[in-house]
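Good morning, and thank you for coming. I should like to take you through one protein model this morning; please bring the sequence and the structure up in front of you.

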Amino acid sequence: MRIRTNRHQWAMDRGGIKGAGRRHHGTRWAAMVGIAIWLLIGGTARSADSPAPTQAFRPGERLTFVLKWTIIPAGEAVLEVLHQEHMAGIDAHHFVLTARSNAFVDPFYMVRDRIDAWADATMQRSLLYRKKQHEGSTRRDITVSFDWEDMTVQYINQGEVREPIFITAGTFDPLSIFYWSRSANLVVGGRIQRSVTDGKKHVLGVADVVRRETVKVSAGTFDTFLIEPDLAHVGGVFEKSPDAKIQLWVSADHRRLPVKLKSKVIVGSFSGELVSMTGTGPLSSGNPSEE
């Protein structure tokens, strides 16, 4: 099956990560917004396992996060599940991530990013991935097309076409795999994994389920699993930080809501916390984690 797309529009890159090493303090601090946004996607993208036959999400779900550098609010990210669509005759989920810096950061390093991803309705593989970036002076448009007949994926950025790379069955893009992973059967002490591609490389992401914790954020108090992804395939500022770490807390109920994200790198600590949610659906049991 081949999904064909236009070669224009949409993109987000890691310009924030590239800017992290600049000496100018204001620019370097503002660039961290880009890292926090990328973490929200990339960190969760590596937390995947064989999904259980439960539906953790549904159309209409909207999750809002506040992004911080140390204790300073730097921006906001929103994850949404839109209504199902038809793509090349296939029923498909449509996921969206938008991220923006706040009024304080905008004068230093404005961030206005959007990612759209489509996966088949049975959540077995990705179909299409698009990213649109506005970070500082950077503008990029990226399309990642999946060709399941040839088992390849092709990356296009502003009309510049890369050679296709091979992928394995069941590969997801960095956003769709987050939703797929929410049906994972998490067990403390277990290791979870799944293949993922951004169109430029194809890797097997691995994460460990460390422990169970109660976490309190603006959206409520949650019983959660703490997950720590392996950063072996993550470059940029993480590659230069020997003690780099990403921690992700997801709710222990069947919804597997991302509740809190925290990272540690050489230039500081970053975090994201769930502040509001709608359309998350009822709990399957009497778990008091949320409404």
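I shall begin with confidence and overall make-up, and then turn to three places in the chain.

Please keep in mind throughout that this is a predicted model. The mean pLDDT of the protein chain is 78, and 71% of the residues reach 70 or more. Two stretches call for caution. Over residues 235–241 the pLDDT stays under 50, although the model has 17 contacts beyond four places in sequence for that stretch. Residues 285–291 also have pLDDT under 50 throughout, and for them the model has 18 such contacts, beyond four places in sequence.

As to the overall make-up, the protein chain contains 15 strands and 4 helices. It has 291 residues, of which 56% count as buried. If we take the contacts with a separation of 6 or more, residues 24 or more positions apart account for 56% of them. The accessible surface of the chain is about 12600 Å², and carbon and sulfur atoms hold 50% of that area.

Let us now go to the surface. Which residues form a nonpolar patch there? They are I71, I72, F104 and F108, and together they have about 450 Å² of accessible area. I71 is located in the loop that links β1, residues 62–69, to β2, residues 72–87. Is I71 buried or exposed? Its relative accessibility is 73%, and the cut-off for exposed is over 50%, so I71 counts as exposed.

A contrasting case is V111, in the loop between α3 (106–109) and β4 (112–120). The relative accessible area of V111 is 0%, and therefore this residue is buried. V111 and S101 are 10 residues apart along the chain, and 5.0 Å separates their C-alpha atoms.

The third place is a pair of strands. Why do we describe strand β10, residues 191–197, as largely enclosed by the rest of the structure? The reason is that 5 of its 7 residues are buried. Strand β10 runs antiparallel to β11, residues 202–217, and 7 bridges join the two. Within this pairing, S195 stands opposite L204 of β11. The hairpin made by β10 and β11 has 4 residues between the strands, and G199 takes a positive phi there, near 95 degrees.

To close, I would ask you to remember the exposed I71, the buried V111 and the largely enclosed strand β10. Thank you for your attention.

Conventions: Residues numbered from 1 in each chain as written. Predicted model: local features only at pLDDT ≥ 70, side-chain atom pairs only at ≥ 80, totals over all residues. Heavy atoms only, no water. pLDDT = per-residue confidence, 0-100. Contact = heavy atoms within 4.5 Å. Buried < 20%, exposed > 50% of the residue type's maximum accessible area, 1.4 Å probe, protein only. Areas by Shrake-Rupley, 256 points an atom, 1.4 Å probe, with all protein chains shown as cover. Patch = residues over 30% accessible without salt bridge, like charges linked within 9 Å, V, L, I, M, F, W, Y side chains within 5 Å. Salt bridge = Lys/Arg side-chain N within 4 Å of Asp/Glu carboxyl O. Pairing = 2+ DSSP bridges.
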